[in-house]
Amino acid sequence: MIALEQVEKCYASGEGPVQALSGVSFTLGEGECWGIVGPSGAGKSTLLRLMALLEEPTRGRVVLDGVCFAQSSPREKRHARQQIATVFQDCRLLSRRTVAQNAALPLQMQRLPRQEIAQRVEESLWQAGIAHKAGAYPAQLSGGQRQRAAIARALCQKPRLLLCDEPTSALDPQSAGEILELLRQINEGGVTMAVITHDMNAARALCPHTALLREGKLTQVGRTAQVLEGAFQPFAPLERGAL
Ligand SMILES: Nc1ncnc2c1ncn2[C@@H]1O[C@H](COP(=O)(O)OP(=O)(O)OP(=O)(O)O)[C@@H](O)[C@H]1O
Ligand SMILES: [Mg+2]
């Protein structure tokens, strides 16, 4: 569905250029669910932003359904971006908007008819298990509820591809398990998915395939159990179950 071909991403910074990704080639097939793991600063969030088509690579290509994103027209780019939703680690909910208003916002920006927005918001809040908090503001929610609200906002877009950046990192084990179950159901419903996680159990529970990033390079790609086994040695925290 989406492929990165020999992608490099270099950022300018006060201390000189930062090579966040180099030589990354990676394909997410239709309906698949991939884990993306690796130490802090390895380039995981950068990879996710490139797949979300929010940033373009310094070199290499991002190809969606066989079409190179960089060579698409502005209209095609808009259409491509609308097929992809991202759930960020910090949820990025607007504090002055209720859960339902937050979910509606991307659809309002797409200028969808009011009735369709209302229907999609209602369905998504139910699916994400947060309908009972539709009128609550983010500050009135628990961490797990905020995560559900962010997932509901993503579902409202009816995405083909859902990208999640550490969706369970701030949650207690029970809430984390519930969010993983919700994501599993969404994937089973046919949505292609990539999930960044530091939690090996989350990767095992949710993702049949995993990609391991180190210092901007993809060092292992394959079945989750094998990749995580290979990732074990160099990191002391792994012995306690986390990447
Ligand atoms: N906008 C930016 N400008 C400059 N440097 C950046 C920018 N975004 C990321 N970087 C740098 O790129 C590298 C990879 O960052 P990235 O956020 O992708 O890592 P990560 O694997 O998601 O880490 P973490 O697990 O801590 O979230 C880091 O060295 C980071 O400082
Ligand atoms: Mg990150």
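A salt bridge is taken here as a side-chain nitrogen of Lys or Arg within 4 Å of a carboxyl oxygen of Asp or Glu. All views show a predicted model.

**View 1. A salt bridge between Glu 5 and Arg 61.** The closest N and O atoms of Glu 5 and Arg 61 are 3.1 Å apart, and this distance falls under the cut-off of 4 Å. Glu 5 belongs to strand 1 (residues 2-11) and Arg 61 to strand 4 (residues 59-64), so the pair ties together parts that are 56 residues apart in sequence. Over the whole structure, a search finds 13 salt bridges.

**View 2. The two domains and the contact between them.** Domain 1 comprises residues 29-56 + 72-83 + 159-243, while domain 2 comprises residues 94-158. Their centres, taken over C-alpha atoms, are separated by 23 Å. To the contact, domain 1 supplies 11 residues and domain 2 supplies 12 residues. About 1,000 Å² is buried between domain 1 and domain 2, and carbon and sulfur atoms give 67% of this area. On the side of domain 1, Gln 82, Pro 159 and Leu 182 lose the most area to domain 2; together they make up 44% of what that side buries.

**View 3. Polar and charged pairs between domain 1 and domain 2.** The count between the two domains is 1 salt bridge. In the salt bridge of Arg 148 and Glu 178, the side chains meet at 3.2 Å, N to O. Residue pairs in polar contact between domain 1 and domain 2, with both residues at pLDDT 80 or more, number 2. Helix 6 (residues 173-188) gives the most to the side of domain 1 that touches domain 2, contributing 5 residues. By class, the residues of that side of domain 1 are 8 nonpolar, 1 polar and 2 charged.

**View 4. The surroundings of ligand 1.** Ligand 1 is surrounded by 15 residues, of which Ser 40, Gly 41, Lys 44, Ser 45 and Thr 46 are the closest. A polar backbone atom of Gly 41 lies 2.8 Å from an oxygen atom of ligand 1. The side chain of Thr 46 places an N or O atom 2.6 Å from an oxygen atom of ligand 1. For Arg 49, an N or O atom in the side chain is 3.4 Å from a nitrogen atom of ligand 1.

Terms used:
Residues are numbered from 1 along each chain as its sequence is written. Chains are lettered from A and ligands numbered from 1 in the order in which they are written. This is a predicted model: local features need pLDDT of at least 70, side-chain atom pairs count only at pLDDT 80 or more; totals for chains, interfaces and linings use all residues. Side-chain values use heavy atoms; hydrogens and water are left out. Domain bounds come from an automatic or database domain assignment. Contact means heavy atoms within 4.5 Å. Buried area is the accessible area (1.4 Å probe) that two parts lose on being put together, summed over both. A polar contact is a pair of N or O atoms within 3.5 Å; within protein, one must be able to donate a hydrogen and the other to accept it, and residues adjacent in sequence count only if both atoms are side-chain atoms. Helices (H or I, at least four residues) and strands (E, at least two) are DSSP runs, numbered from the N terminus. Ala, Val, Leu, Ile, Met, Phe, Trp, Tyr, Cys and Pro count as nonpolar, Asp, Glu, Lys and Arg as charged, and the others, Gly among them, as polar. A residue is near a molecule or strand if one of its heavy atoms lies within 4 Å of it.
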